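The following exercises are meant to be worked through with the sequence and the model in view. Each task is followed by a solution in steps.

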Amino acid sequence: DDTEAEARIAAAREQLGDRLVILGHHYQRQEVFQFADFSGDSLKLSRQAADSSAEYIVFCGVHFMAEVADILSRPEQVSILPDLGAGCSMADMANLANVERAWRELLEVLEPDEQVTPVTYINSAADLKAFCGRHGGIVCTSSNAQRVLDWSFSRREKVLFFPDQHLGRNTGYDMGISLDEMVEWDFDQPMGGLTPDQIRKARVILWKGFCSVHQMFKPEHIDRFKERFPETKVISHPESSFEVCQKSDHVGSTEVIIRTVRDSEPGTRWLVGTELNLVNRLHEQFQHEGKSVHFMSPTVCMCSTMFRIDPQHLAWTLENLAEGNVVNRIKVPETEAEQARLALERMLEVSP
Ligand code: 13P
Ligand code: SF4
């Protein structure tokens, strides 16, 4: 049971001392999250991994996060994901073959002086970050997407943004790019299902990926809730749809969501469009200030892959490390890591 696993985690952790650092994403369940030495959004955790000197970086999050930790840490450090099944369904919506095909097809249509910057959301496999590194591109997270797009547009006139269409669209729109200047690239169709003219006119070409958790939030959920409680403040993650973000008072990364709720007036009622474990934690944390924090969707939707990291897997991982066995190591091949690092370092340089 969890209590037994939690005692095993505490004992192994004690034994490993400062050879170990546990990083925990905000979407982790509380039974695991309580053991994180550092928590954060994707940007903050990438920096934590880059700055850590621990021998073992155990990532309580999903696969691409452990890959980033491996890429940004030193070669002798070991990045570990307690359950190898903890992937990200959005990251899986773009793969190297599809992106390379899109790239070739785009370049065929454009004039030689028209150029495109590939921008990958950090929620993507390491080989796509390497693709961006090779082609003058960059990585972004939900907390620096605007700065990354500014950087991209200062160099080239177009952006190919993958895999999350919503983060791309919401960010582009906030920067003053109209919806007409953003087109969706349907990777199941030749030429993304677009005409050469549509491609030439577009400024942002959006990959048709999405997060299965955030796509559950609908504008009518906000309307219905506000009918009951008109004074409600709404905050959403930018992986939510354009319509939901337009109806929200604030849009931001998990870290921004936490900060905004924390800094709000006592007594504020919040409707939050992001993963359930974070929303529940916010409610617990701030209810003593009279703040009430509600989940946006009437149906329960959790990130099922984040949920795969449980106390049992964490205990098993740490006990093995304490005995000198490295399990579930995430190691990106060196050439790929080098190219991906270029794109990640460009991102870190332009980030606040
Ligand atoms: P952030 O924590 O960076 O906002 O990202 C949310 C997310 O979907 C992680 O997979
Ligand atoms: Fe991926 Fe969505 Fe889960 Fe984040 S919440 S890890 S984007 S599936």
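Two strands are taken to pair if DSSP finds at least two bridges between them. The model examined here is predicted.

**Exercise 1. Strand β1 and its partners**

Task: Determine with which strands β1 pairs, and in which sense.

Solution.
Step 1. In general, the strands of a sheet pair through backbone hydrogen bonds, in either a parallel or an antiparallel sense.
Step 2. Strand β2 (residues 38–40) is joined to β1 by three bridges, and the sense is parallel. Within this pair, L23 stands opposite F38.
Step 3. Strand β3 (residues 56–60) also runs parallel to β1, and five bridges join the two. Here I22 has V58 as its bridge partner.

**Exercise 2. The surroundings of β1**

Task: Decide whether strand β1 is enclosed or open to its surroundings.

Solution.
Step 1. A residue is buried if 20 or more other C-beta atoms lie within 10 Å of its own.
Step 2. In β1 (residues 20–25), six of the six residues are buried, so the strand is largely enclosed by the rest of the structure.
Step 3. The burial applies to both faces: L20, I22 and G24 lie on one side, and V21, L23 and H25 lie on the other.

**Exercise 3. The residue F38**

Task: Establish whether F38 is buried or partly exposed, and which residues it contacts beyond its sequence neighbours.

Solution.
Step 1. F38 belongs to strand β2.
Step 2. F38 has 15 other C-beta atoms within 10 Å and is therefore partly exposed.
Step 3. When neighbours within four places in sequence are left aside, the contacts of F38 are L23 and Q48.
Step 4. Although L23 and F38 are 15 residues apart along the chain, their C-alpha atoms are separated by 5.1 Å.

**Exercise 4. A four-stranded sheet**

Task: Give the strand order of the open sheet of four strands and identify its edges.

Solution.
Step 1. The order is β11-β10-β12-β13, and the pairing is parallel.
Step 2. Strands β11 (250–251) and β13 (292–295) each pair on one side only, and these are the edge strands.
Step 3. Between β10 (residues 233–236) and β12 (residues 269–273) there are four bridges. One bridge partnership links V234 with L271 of β12.

**Exercise 5. Backbone geometry**

Task: Locate a cis peptide bond and residues other than glycine with a positive phi.

Solution.
Step 1. Most peptide bonds are trans, and most residues other than glycine have a negative phi.
Step 2. The bond between F162 and P163 is cis, with omega about -10°. P163 is placed in the loop between β7 (158–162) and α8 (165–174).
Step 3. M191 is not a glycine, yet its phi is positive and near 55°. M191 is located in the loop between β8 (182–185) and α9 (196–201). It has 17 C-beta neighbours inside 10 Å and therefore counts as partly exposed.
Step 4. N328 is likewise not a glycine, and its phi is positive at about 55°. N328 occupies the loop between α14 (311–322) and α15 (334–350). With 18 C-beta neighbours inside 10 Å, N328 counts as partly exposed.

**Exercise 6. The two ligand shells**

Task: State how the residues around ligand 1 and ligand 2 divide by class.

Solution.
Step 1. The shell of ligand 1 includes H26, D41, S42, C88 and N123. By class, this shell has one nonpolar, eight polar and two charged residues.
Step 2. Ligand 2 is surrounded by 14 residues, the closest being C88, M90, C211, V213 and C303. This second shell divides into eight nonpolar, four polar and two charged residues.

**Exercise 7. Domains 1 and 2**

Task: Describe the side of domain 1 that touches domain 2.

Solution.
Step 1. The domain assignment gives domain 1 (2–85 + 305–332), domain 2 (91–210) and domain 3 (214–295).
Step 2. The centres of domain 1 and domain 2, taken over C-alpha atoms, are 31 Å apart. Eight residues of domain 1 are in contact with 10 residues of domain 2.
Step 3. On the domain 1 side, α3 (42–51) and α4 (63–72) each supply at least two residues. The largest share, four residues, comes from α4.
Step 4. This side of domain 1 consists of five nonpolar, one polar and two charged residues.

Technical notes
Residues numbered from 1 in each chain as written. Chains lettered and ligands numbered in written order. Predicted model: local features only at pLDDT ≥ 70, side-chain atom pairs only at ≥ 80, totals over all residues. Near = placed C-beta within 6 Å. Nonpolar A, V, L, I, M, F, W, Y, C, P; charged D, E, K, R; others polar. Buried ≥ 20, exposed ≤ 12 C-beta atoms within 10 Å, placed from the backbone. Domains from an automatic or database assignment. Contact = placed C-beta atoms within 7 Å.
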